[in-house]
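I opened a fresh page for this chain and wanted to go through it one piece at a time. Below is the structure I had in front of me.

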Amino acid sequence: MVYRVQGVVVREKNAPATIETVIVPDPGPGEAVVDIITSGVCHTDLHYKQGGISDEFPFLLGHEATGRVAAVGEGVTEVAVGDRVILNWRAVCGQCRACAKGQAQYCFNTHNATQKMTLEDGTELSAALGIGAFIEKTLVAAGQCTKIDEESDAAAVGLLGCGVMAGIGAAINTGAIALGESVAVIGCGGVGTAAIAGAQLAGATTIIAVDIDDAKLEQARSFGATHTVNSRGTDPVAAIQELTGGFGADVVIDAVGRPETYRQAFYARDLAGRVVLVGVPTPEMTLELPLLDVFGRGGTLKSSWYGDCLPSRDFAMLIDQYKLGRLDLDGFVTERIGLGDVEAAFAKMADGTVLRSVVEL
(Lines give C-alpha, C1' and ligand atoms only; values in the text may rest on other atoms or scores of the structure.)
Protein backbone atom coordinates (compact mmCIF):
# COMPACT_ATOMS: atom_id res chain seq x y z
CA MET A 1 0.00 0.00 0.00
CA VAL A 2 1.12 3.55 -0.71
CA TYR A 3 -0.36 6.90 0.22
CA ARG A 4 -0.81 9.74 -2.29
CA VAL A 5 -0.76 12.99 -0.36
CA GLN A 6 -0.04 16.69 -0.81
CA GLY A 7 3.29 18.10 0.33
CA VAL A 8 5.47 21.20 -0.07
CA VAL A 9 8.45 20.59 -2.36
CA VAL A 10 11.28 22.76 -3.64
CA ARG A 11 12.71 21.31 -6.86
CA GLU A 12 15.89 23.36 -7.24
CA LYS A 13 17.95 26.00 -5.47
CA ASN A 14 15.91 29.11 -4.62
CA ALA A 15 12.92 27.83 -6.60
CA PRO A 16 9.48 28.63 -5.14
CA ALA A 17 8.10 26.04 -2.72
CA THR A 18 5.12 24.40 -4.42
CA ILE A 19 2.46 21.89 -3.41
CA GLU A 20 3.05 18.54 -5.14
CA THR A 21 1.58 15.05 -4.99
CA VAL A 22 3.93 12.86 -2.94
CA ILE A 23 3.97 9.07 -2.74
CA VAL A 24 4.49 7.80 0.82
CA PRO A 25 5.22 4.05 1.14
CA ASP A 26 3.90 1.76 3.82
CA PRO A 27 6.31 1.71 6.78
CA GLY A 28 9.04 -0.91 6.70
CA PRO A 29 10.83 -2.41 9.72
CA GLY A 30 11.50 0.26 12.33
CA GLU A 31 9.51 2.91 10.45
CA ALA A 32 6.24 4.78 11.03
CA VAL A 33 3.82 6.77 8.88
CA VAL A 34 2.54 9.84 10.69
CA ASP A 35 -0.47 12.03 9.91
CA ILE A 36 0.87 15.57 10.33
CA ILE A 37 -1.14 17.92 12.55
CA THR A 38 1.14 20.97 12.67
CA SER A 39 4.58 21.98 11.43
CA GLY A 40 6.51 25.16 12.19
CA VAL A 41 8.27 27.08 9.43
CA CYS A 42 11.90 27.08 10.59
CA HIS A 43 15.00 28.85 9.25
CA THR A 44 16.43 25.42 8.50
CA ASP A 45 13.68 24.91 5.91
CA LEU A 46 14.70 28.17 4.27
CA HIS A 47 18.33 27.03 4.28
CA TYR A 48 17.28 23.85 2.45
CA LYS A 49 15.43 25.97 -0.11
CA GLN A 50 18.50 28.14 -0.61
CA GLY A 51 20.81 25.16 -1.04
CA GLY A 52 22.62 25.91 2.20
CA ILE A 53 22.22 22.39 3.65
CA SER A 54 22.98 20.24 0.62
CA ASP A 55 22.35 20.07 -3.12
CA GLU A 56 20.24 16.89 -2.97
CA PHE A 57 17.17 18.46 -4.58
CA PRO A 58 14.22 18.08 -4.70
CA PHE A 59 13.51 18.60 -1.01
CA LEU A 60 10.33 17.85 0.89
CA LEU A 61 10.36 20.70 3.40
CA GLY A 62 9.21 20.86 7.03
CA HIS A 63 10.46 19.16 10.18
CA GLU A 64 9.23 20.95 13.35
CA ALA A 65 6.07 18.92 13.75
CA THR A 66 3.37 17.17 15.70
CA GLY A 67 1.34 14.32 14.29
CA ARG A 68 -0.57 11.13 14.95
CA VAL A 69 0.85 7.71 14.16
CA ALA A 70 -1.11 6.19 11.26
CA ALA A 71 0.86 2.96 10.70
CA VAL A 72 3.96 1.25 12.06
CA GLY A 73 6.36 -1.26 10.56
CA GLU A 74 7.69 -4.54 11.85
CA GLY A 75 9.49 -4.44 15.18
CA VAL A 76 8.29 -0.99 16.23
CA THR A 77 7.76 -0.74 19.99
CA GLU A 78 8.38 2.97 20.64
CA VAL A 79 4.91 4.08 19.51
CA ALA A 80 1.60 2.60 18.41
CA VAL A 81 -1.09 3.54 15.91
CA GLY A 82 -3.13 6.44 17.29
CA ASP A 83 -0.37 7.93 19.44
CA ARG A 84 -0.01 11.70 19.33
CA VAL A 85 3.66 12.53 18.83
CA ILE A 86 6.26 15.24 18.34
CA LEU A 87 8.75 14.42 15.59
CA ASN A 88 12.46 14.89 16.13
CA TRP A 89 15.37 14.61 13.72
CA ARG A 90 17.76 12.61 15.91
CA ALA A 91 16.51 9.06 16.48
CA VAL A 92 19.21 7.61 18.73
CA CYS A 93 20.78 4.25 17.99
CA GLY A 94 21.25 3.04 21.57
CA GLN A 95 24.51 1.29 20.66
CA CYS A 96 27.22 3.80 19.74
CA ARG A 97 29.93 4.93 22.16
CA ALA A 98 27.90 7.98 23.27
CA CYS A 99 24.79 5.89 23.96
CA ALA A 100 26.92 3.29 25.75
CA LYS A 101 28.21 6.02 28.08
CA GLY A 102 24.66 7.08 28.94
CA GLN A 103 24.94 10.22 26.79
CA ALA A 104 22.37 9.41 24.13
CA GLN A 105 21.85 13.14 23.48
CA TYR A 106 25.23 13.00 21.71
CA CYS A 107 24.44 9.82 19.73
CA PHE A 108 26.88 9.53 16.84
CA ASN A 109 24.68 7.23 14.77
CA THR A 110 21.25 8.85 14.63
CA HIS A 111 19.06 7.59 11.81
CA ASN A 112 16.00 8.27 9.68
CA ALA A 113 13.61 6.12 7.66
CA THR A 114 15.29 3.74 5.22
CA GLN A 115 12.71 4.10 2.45
CA LYS A 116 12.29 7.24 0.39
CA MET A 117 9.19 9.24 -0.37
CA THR A 118 8.88 10.16 -4.05
CA LEU A 119 7.12 12.36 -6.55
CA GLU A 120 4.56 10.70 -8.84
CA ASP A 121 7.19 10.14 -11.53
CA GLY A 122 9.38 8.19 -9.08
CA THR A 123 11.85 11.01 -8.31
CA GLU A 124 13.16 10.45 -4.80
CA LEU A 125 12.69 13.28 -2.31
CA SER A 126 15.18 14.38 0.31
CA ALA A 127 13.12 14.94 3.44
CA ALA A 128 14.21 17.97 5.46
CA LEU A 129 16.15 16.69 8.50
CA GLY A 130 14.86 13.23 7.70
CA ILE A 131 11.26 14.27 8.39
CA GLY A 132 9.58 16.29 5.62
CA ALA A 133 6.58 17.58 7.57
CA PHE A 134 4.93 20.09 5.23
CA ILE A 135 2.74 17.23 4.07
CA GLU A 136 -0.42 15.37 5.01
CA LYS A 137 1.46 12.16 5.90
CA THR A 138 5.18 11.53 6.27
CA LEU A 139 7.47 8.54 6.71
CA VAL A 140 10.00 8.57 9.56
CA ALA A 141 12.04 6.21 11.69
CA ALA A 142 9.88 5.21 14.66
CA GLY A 143 12.58 6.53 17.00
CA GLN A 144 11.88 10.01 15.64
CA CYS A 145 8.46 9.91 17.32
CA THR A 146 8.04 10.98 20.95
CA LYS A 147 4.59 10.32 22.44
CA ILE A 148 2.89 13.29 24.09
CA ASP A 149 -0.45 13.99 25.80
CA GLU A 150 -3.66 14.93 24.04
CA GLU A 151 -4.35 18.18 25.88
CA SER A 152 -1.58 20.57 24.82
CA ASP A 153 -1.92 22.86 21.79
CA ALA A 154 -0.21 20.95 18.98
CA ALA A 155 1.03 24.13 17.25
CA ALA A 156 2.81 25.28 20.42
CA VAL A 157 4.36 22.05 21.67
CA GLY A 158 5.39 21.03 18.14
CA LEU A 159 7.99 23.81 18.17
CA LEU A 160 9.99 21.65 20.59
CA GLY A 161 10.78 19.59 17.50
CA CYS A 162 13.54 22.02 16.51
CA GLY A 163 14.06 25.74 17.12
CA VAL A 164 12.47 26.25 20.52
CA MET A 165 14.12 23.11 21.88
CA ALA A 166 17.47 24.24 20.46
CA GLY A 167 17.24 27.54 22.35
CA ILE A 168 15.86 26.23 25.63
CA GLY A 169 18.33 23.35 25.57
CA ALA A 170 21.26 25.71 24.91
CA ALA A 171 20.34 27.45 28.17
CA ILE A 172 19.35 24.52 30.37
CA ASN A 173 21.30 21.56 29.01
CA THR A 174 24.44 22.98 27.40
CA GLY A 175 24.78 26.17 29.42
CA ALA A 176 23.67 24.48 32.67
CA ILE A 177 22.35 27.82 33.93
CA ALA A 178 21.93 27.78 37.71
CA LEU A 179 19.67 29.74 40.04
CA GLY A 180 20.78 33.34 40.39
CA GLU A 181 23.24 33.36 37.49
CA SER A 182 23.55 36.12 34.90
CA VAL A 183 22.98 35.32 31.25
CA ALA A 184 23.36 37.24 27.99
CA VAL A 185 21.83 36.05 24.72
CA ILE A 186 23.16 37.51 21.46
CA GLY A 187 20.54 37.31 18.70
CA CYS A 188 16.82 37.39 19.49
CA GLY A 189 15.26 35.41 16.67
CA GLY A 190 13.31 32.26 17.45
CA VAL A 191 16.23 30.29 18.90
CA GLY A 192 17.65 33.22 20.87
CA THR A 193 14.25 34.09 22.30
CA ALA A 194 13.81 30.46 23.31
CA ALA A 195 17.20 30.63 25.05
CA ILE A 196 15.93 33.64 27.01
CA ALA A 197 12.82 31.66 28.00
CA GLY A 198 15.09 28.78 29.02
CA ALA A 199 17.27 31.08 31.12
CA GLN A 200 14.21 32.35 32.94
CA LEU A 201 12.97 28.79 33.46
CA ALA A 202 16.37 27.83 34.91
CA GLY A 203 16.21 30.66 37.44
CA ALA A 204 18.65 33.24 36.04
CA THR A 205 18.12 36.62 37.70
CA THR A 206 19.87 38.85 35.14
CA ILE A 207 18.95 38.04 31.53
CA ILE A 208 20.38 40.40 28.92
CA ALA A 209 18.98 40.32 25.38
CA VAL A 210 21.23 41.63 22.58
CA ASP A 211 20.03 42.37 19.04
CA ILE A 212 20.04 45.12 16.41
CA ASP A 213 16.23 45.25 16.20
CA ASP A 214 14.29 47.14 18.88
CA ALA A 215 11.09 45.21 18.15
CA LYS A 216 12.86 41.90 18.78
CA LEU A 217 14.36 43.28 21.97
CA GLU A 218 10.95 44.34 23.24
CA GLN A 219 9.61 40.91 22.40
CA ALA A 220 12.52 39.35 24.31
CA ARG A 221 11.32 41.14 27.45
CA SER A 222 8.02 39.28 27.24
CA PHE A 223 9.93 35.99 27.40
CA GLY A 224 12.03 36.92 30.42
CA ALA A 225 14.76 39.38 29.43
CA THR A 226 15.48 41.80 32.28
CA HIS A 227 17.70 44.09 30.20
CA THR A 228 18.13 44.80 26.49
CA VAL A 229 21.05 46.06 24.42
CA ASN A 230 20.78 47.30 20.84
CA SER A 231 24.21 46.42 19.48
CA ARG A 232 23.72 48.51 16.34
CA GLY A 233 24.82 51.58 18.25
CA THR A 234 26.18 50.18 21.54
CA ASP A 235 29.20 47.98 22.24
CA PRO A 236 27.51 44.82 23.56
CA VAL A 237 30.58 43.62 25.46
CA ALA A 238 30.85 46.86 27.45
CA ALA A 239 27.08 46.94 27.99
CA ILE A 240 26.94 43.37 29.29
CA GLN A 241 29.87 44.02 31.61
CA GLU A 242 28.22 47.19 32.94
CA LEU A 243 24.99 45.28 33.64
CA THR A 244 26.87 42.57 35.55
CA GLY A 245 28.92 44.64 37.98
CA GLY A 246 31.77 45.11 35.54
CA PHE A 247 32.55 41.40 35.33
CA GLY A 248 30.57 39.93 32.43
CA ALA A 249 27.81 37.33 32.41
CA ASP A 250 28.12 33.84 33.86
CA VAL A 251 26.77 32.41 30.61
CA VAL A 252 26.72 34.04 27.15
CA ILE A 253 24.76 32.33 24.39
CA ASP A 254 25.55 33.15 20.75
CA ALA A 255 22.34 32.48 18.85
CA VAL A 256 23.63 34.11 15.64
CA GLY A 257 26.67 32.01 14.79
CA ARG A 258 29.01 34.53 13.20
CA PRO A 259 32.69 35.17 14.05
CA GLU A 260 31.95 38.69 15.26
CA THR A 261 29.10 37.63 17.55
CA TYR A 262 31.15 34.75 18.91
CA ARG A 263 33.98 37.13 19.78
CA GLN A 264 31.45 39.32 21.56
CA ALA A 265 30.20 36.32 23.51
CA PHE A 266 33.76 35.27 24.37
CA TYR A 267 34.70 38.64 25.83
CA ALA A 268 31.31 39.41 27.39
CA ARG A 269 31.46 36.47 29.82
CA ASP A 270 32.89 36.59 33.30
CA LEU A 271 36.21 34.87 34.06
CA ALA A 272 35.55 31.13 34.21
CA GLY A 273 32.17 31.73 32.58
CA ARG A 274 30.57 29.67 29.82
CA VAL A 275 30.09 30.49 26.15
CA VAL A 276 27.45 28.48 24.27
CA LEU A 277 27.30 28.55 20.47
CA VAL A 278 23.85 27.53 19.21
CA GLY A 279 23.67 29.73 16.08
CA VAL A 280 24.85 27.71 13.09
CA PRO A 281 27.83 29.15 11.16
CA THR A 282 28.31 28.66 7.43
CA PRO A 283 31.20 26.53 6.09
CA GLU A 284 33.43 29.41 5.02
CA MET A 285 33.44 31.17 8.41
CA THR A 286 36.61 31.15 10.50
CA LEU A 287 37.41 32.42 13.98
CA GLU A 288 40.63 33.87 15.34
CA LEU A 289 41.19 34.44 19.07
CA PRO A 290 44.42 35.03 21.01
CA LEU A 291 45.29 31.67 22.54
CA LEU A 292 46.50 33.41 25.68
CA ASP A 293 42.99 34.85 26.13
CA VAL A 294 41.46 31.41 25.72
CA PHE A 295 43.81 30.13 28.42
CA GLY A 296 43.70 33.15 30.70
CA ARG A 297 39.93 33.62 30.84
CA GLY A 298 39.27 29.98 31.79
CA GLY A 299 35.76 28.62 31.75
CA THR A 300 34.23 26.60 28.96
CA LEU A 301 33.44 27.08 25.27
CA LYS A 302 30.61 24.80 24.18
CA SER A 303 28.60 24.10 21.06
CA SER A 304 24.97 23.13 21.45
CA TRP A 305 23.57 20.56 19.00
CA TYR A 306 19.77 20.68 19.06
CA GLY A 307 20.02 22.02 22.60
CA ASP A 308 21.83 18.81 23.62
CA CYS A 309 18.34 17.45 24.10
CA LEU A 310 17.10 13.92 24.53
CA PRO A 311 13.49 14.03 23.29
CA SER A 312 12.34 11.15 25.49
CA ARG A 313 13.62 13.08 28.52
CA ASP A 314 13.09 16.73 27.62
CA PHE A 315 9.85 16.99 25.65
CA ALA A 316 7.56 15.74 28.44
CA MET A 317 9.33 17.87 31.05
CA LEU A 318 9.00 21.05 28.99
CA ILE A 319 5.37 20.33 28.14
CA ASP A 320 4.72 20.01 31.88
CA GLN A 321 6.34 23.43 32.42
CA TYR A 322 4.14 24.80 29.63
CA LYS A 323 0.99 23.39 31.22
CA LEU A 324 2.03 24.83 34.60
CA GLY A 325 2.31 28.29 33.03
CA ARG A 326 6.09 28.53 33.46
CA LEU A 327 6.99 28.30 29.77
CA ASP A 328 5.12 30.40 27.20
CA LEU A 329 5.20 28.17 24.14
CA ASP A 330 2.01 29.83 22.86
CA GLY A 331 3.91 33.10 22.58
CA PHE A 332 6.17 31.64 19.88
CA VAL A 333 3.22 30.96 17.53
CA THR A 334 2.88 34.18 15.54
CA GLU A 335 0.44 32.88 12.94
CA ARG A 336 -1.32 29.68 11.83
CA ILE A 337 -1.26 29.01 8.09
CA GLY A 338 -2.01 26.37 5.46
CA LEU A 339 0.33 24.39 3.19
CA GLY A 340 -0.13 26.93 0.43
CA ASP A 341 1.18 29.75 2.62
CA VAL A 342 4.69 28.40 3.22
CA GLU A 343 6.37 30.53 0.56
CA ALA A 344 4.82 33.68 2.04
CA ALA A 345 5.97 32.56 5.49
CA PHE A 346 9.57 32.43 4.25
CA ALA A 347 9.26 36.08 3.18
CA LYS A 348 7.94 37.08 6.62
CA MET A 349 10.79 35.17 8.23
CA ALA A 350 13.33 37.06 6.14
CA ASP A 351 11.69 40.34 7.19
CA GLY A 352 11.94 39.33 10.85
CA THR A 353 8.22 39.93 11.43
CA VAL A 354 7.39 36.48 12.88
CA LEU A 355 8.76 34.17 15.55
CA ARG A 356 7.03 31.16 14.02
CA SER A 357 4.48 30.62 11.30
CA VAL A 358 2.90 27.23 11.95
CA VAL A 359 1.27 25.12 9.24
CA GLU A 360 -1.93 23.43 10.43
CA LEU A 361 -3.38 20.48 8.51
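My entries follow, beginning with strands and moving on to helices, rings and the backbone.

**Entry 1: the start of the chain.** I kept in mind throughout that this is a predicted model. I looked up strand 1 (residues 2–10) and found that eight bridges join it to strand 2 (residues 18–25), the two strands running antiparallel. Within this pairing I noted Val5, whose bridge partner in strand 2 is Val22. Strand 2 also pairs with strand 7, again in the antiparallel sense, over two bridges, and there I found Ile23 standing opposite Thr118 of strand 7.

**Entry 2: the open sheet.** I then traced an open sheet of six strands, whose order is 13-12-11-14-15-16 and whose pairing is parallel. Which strands stand at the edges? They are strand 13 (227–230) and strand 16 (300–303), and because each has a single partner strand, one side of each is left without a neighbour in the sheet. Neighbouring strands here are turned against each other by 15 degrees on average, with direction ignored. Looking closer at one pairing, I found four bridges joining strand 12 (residues 206–211) to strand 13 in parallel, and I noted Ile208 opposite His227 of strand 13.

**Entry 3: helices across the sheet.** I next asked what lies across these strands. Helix 6 (residues 214–222) lies across strand 12 and strand 13, and runs at about 170 degrees to strand 13. Helix 7 (residues 236–243) lies across strand 11 (182–186), strand 12, strand 13 and strand 14 (249–254), running at about 165 degrees to strand 12.

**Entry 4: helix 4 and helix 5.** I looked up how helix 4 (residues 163–174) meets helix 5 (residues 190–202), and found that their axes come within 7 Å and cross at roughly 45 degrees. The two helices are therefore oblique to each other, and helix 4 passes helix 5 in a right-handed crossing. The contact residues of helix 4 include Gly163, Ala166 and Gly167, while those of helix 5 include Ala194, Gly198 and Ala202. By class I wrote down 11 nonpolar, three polar and no charged residues for this contact.

**Entry 5: helix 4 and helix 10.** How do the axes of helix 4 and helix 10 (residues 311–323) cross? They come within 12 Å and cross at roughly 100 degrees, which makes helix 4 roughly perpendicular to helix 10. Here Met165, Ile168 and Asn173 of helix 4 meet Arg313, Asp314, Phe315 and Leu318 of helix 10. The residues of this contact divide into four nonpolar, one polar and two charged.

**Entry 6: aromatic rings.** I noted that the structure holds six aromatic pairs. One of them is formed by Tyr106 and Trp305, which are edge-to-face, at 6.5 Å centre to centre and with 90 degrees between the planes. This pair links distant parts of the chain, 199 residues apart: Tyr106 sits in the loop between helix 2 (97–100) and strand 7 (118–119), and Trp305 in the loop between strand 16 and helix 10.

**Entry 7: two backbone details.** I finished with the loops, where a cis peptide bond joins Phe57 and Pro58, with omega at about 0 degrees; Pro58 is in the loop between helix 1 (43–49) and strand 4 (59–60). Ala176, although it is not a glycine, has a positive phi of about 50 degrees, and I placed Ala176 in the loop between helix 4 and strand 11.

How values were computed
Residues numbered from 1 in each chain as written. Predicted model: local features only at pLDDT ≥ 70, side-chain atom pairs only at ≥ 80, totals over all residues. Heavy atoms only, no water. Axes fitted to C-alpha atoms, helices over the stretch in contact; angles between N-to-C directions. Parallel < 35°, antiparallel > 145°, perpendicular 65-115°, else oblique. Left-handed = near helix turned anticlockwise from the far one by under 90°. Contact = heavy atoms within 4.5 Å. Nonpolar A, V, L, I, M, F, W, Y, C, P; charged D, E, K, R; others polar. Pairing = 2+ DSSP bridges. Phe/Tyr/Trp six-rings, centres within 6.5 Å; stacked < 30°, edge-to-face > 60°.
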